[in-house]
Amino acid sequence: MDEETITIKGVKISHPSKVLFPQSKITKQELVNYYLKVEKLILKELKDRPITLIRSPHGLGGDIQFVQKHPSESFPEYIERVKLKEKDGNLDYYIEIDQIDDILYLLNIGVLEFHITNSCLSDYEHPDKLIFDLDPDEDLDLKHVYKCAFDIKAELESRGFKPTLKTSGGKGFHIIAQMTEKKTWDYVHAYAKEIADKLALQNDLYTTVVSKDLRKGKIFIDYLRNSRGATTVAAYSTRAKEGAPISMPIDWEDLEKTKPNQFTIKDFLN
């Protein structure tokens, strides 16, 4: 084993001093150390869900970045492969993560984000949560984003839900509600759209229009994350953005003093 390889929990990590986030000079070793700190928290989010990966093999700003939904042939045997039916009816393998070794291996090959679906592998055709992703115009004051989050919270509570909240690690926030009844993907998608459309009619700053050109100065209430096959970044996952921000669960009372990209891995490493 050369000096540029270390072993952590049985997983070989090559070039641990490699800088993955150039401006903040965050290394692969620091990324590994972060995930070791939040091991139990992130595994709780990832277990029993098909995982989509965002990979940047040469680090952020490198010449390669891509989305990976299916396991590579080179993945070790201990990373679980699970067959799921695609929209066209064909079966394909997806990735399941159920141990820290899986995460360490994936970090080593350049994974910077872990995304999950709204349903479990054990009951894939029945989503167990609703998610609304707030995507504001960058020039919009955050106070409007906070109000939008609270408006969604109030609407969900009026329907019997107890919504939770997390930062996206990017521009907005994610509002999550646990489903209490088994419903199909089509039902959940239509239900989320109905909520988003209702709120958009009540406030001119909110929109459900997908086209970016038509939502300047507005907050896009993204209900499309509730579609079969769609994904959302998992809580505690890093984002492939400078500074290694995290999608972090927060309490509702802390919303108005929190920025969407406020938390980074350095909050856990200091």
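Here are some friendly notes on a predicted model, covering two helix pairs, the cysteines and a few single residues.

1. **Helices H1 and H3.** A good place to begin is the pair formed by helix H1 (residues 28-37) and helix H3 (residues 100-108), whose axes lie 10 Å apart and pack at an angle of about 160 degrees. The two helices therefore run roughly antiparallel to each other, since an angle over 145 degrees earns that description. As for handedness, H1 crosses H3 in the right-handed sense.

2. **Who touches whom in H1 and H3.** From H1, the contact takes in Lys-28, Leu-31, Val-32, Tyr-35 and Leu-36, while H3 brings Ile-100, Ile-103, Leu-104, Leu-107 and Asn-108. Sorted by class, this contact has eight nonpolar residues, one polar and one charged.

3. **Helices H4 and H5.** Next, look at helix H4 (residues 142-158) and helix H5 (residues 185-202): their axes come within 11 Å and cross at roughly 125 degrees. That angle makes H4 oblique to H5, because it falls outside the ranges for roughly parallel (under 35 degrees), roughly antiparallel (over 145) and roughly perpendicular (65 to 115). The crossing of H4 and H5 is right-handed.

4. **Who touches whom in H4 and H5.** On the H4 side you will find Asp-151, Ile-152, Glu-155 and Leu-156, and they meet Ile-195, Lys-198 and Leu-199 of H5. The contact of H4 with H5 is made up of four nonpolar and three charged residues, with no polar ones.

5. **Cysteines.** If you are wondering about disulfides, the structure holds zero of them. As a reminder, a disulfide is a covalent bond between the sulfur atoms of two cysteines. Cys-120 has a relative accessible area of 18%, so it is buried, the cut-off being under 20%. Cys-148 is buried as well, at 0% relative accessibility.

6. **Asp-128.** Where does Asp-128 sit? Its place is in the loop between strand E9 (111-116) and strand E10 (129-136). Leaving aside residues up to four places away in sequence, Asp-128 touches Arg-49, Asn-118, Ser-119, Cys-120, Ala-177, Gln-178 and Met-179. The buried Cys-120 from the previous point is thus one of the contacts of Asp-128. Tyr-105 is another story: Asp-128 and Tyr-105 are 23 residues apart in sequence and 28 Å apart in space, C-alpha to C-alpha.

7. **Leu-91.** Is Leu-91 buried or exposed? With 55% relative accessibility, Leu-91 counts as exposed, because the threshold is over 50%. This leucine lies in strand E8 (residues 91-96). Not counting residues up to four places away in sequence, Leu-91 touches Lys-83, Leu-84 and Lys-85.

8. **Two positive phi values.** Most residues other than glycine have a negative phi, and that is the background for two residues to look at here. Lys-9 is not a glycine, yet it has a positive phi of about 50 degrees. You can find Lys-9 in the loop between strand E1 (5-8) and strand E2 (11-14). Ala-244, also a residue other than glycine, has a positive phi near 55 degrees. The loop that holds Ala-244 runs between strand E15 (232-233) and strand E16 (249-250). Ala-244 counts as buried, with a relative accessibility of 0%.

Methods: Residues are numbered from 1 along each chain as its sequence is written. This is a predicted model: local features need pLDDT of at least 70, side-chain atom pairs count only at pLDDT 80 or more; totals for chains, interfaces and linings use all residues. Side-chain values use heavy atoms; hydrogens and water are left out. Axes are lines fitted to C-alpha atoms, for helices over the stretch in contact, and angles run from 0 to 180 degrees between N-to-C directions. Helices (H or I, at least four residues) and strands (E, at least two) are DSSP runs, numbered from the N terminus. A crossing is left-handed if the near helix is turned anticlockwise from the far one by less than a right angle, and right-handed if clockwise. Contact means heavy atoms within 4.5 Å. Ala, Val, Leu, Ile, Met, Phe, Trp, Tyr, Cys and Pro count as nonpolar, Asp, Glu, Lys and Arg as charged, and the others, Gly among them, as polar. A disulfide is a pair of cysteine sulfur atoms within 2.5 Å. Buried means under 20% relative accessible area, exposed over 50%, partly exposed in between (1.4 Å probe, protein chains only).
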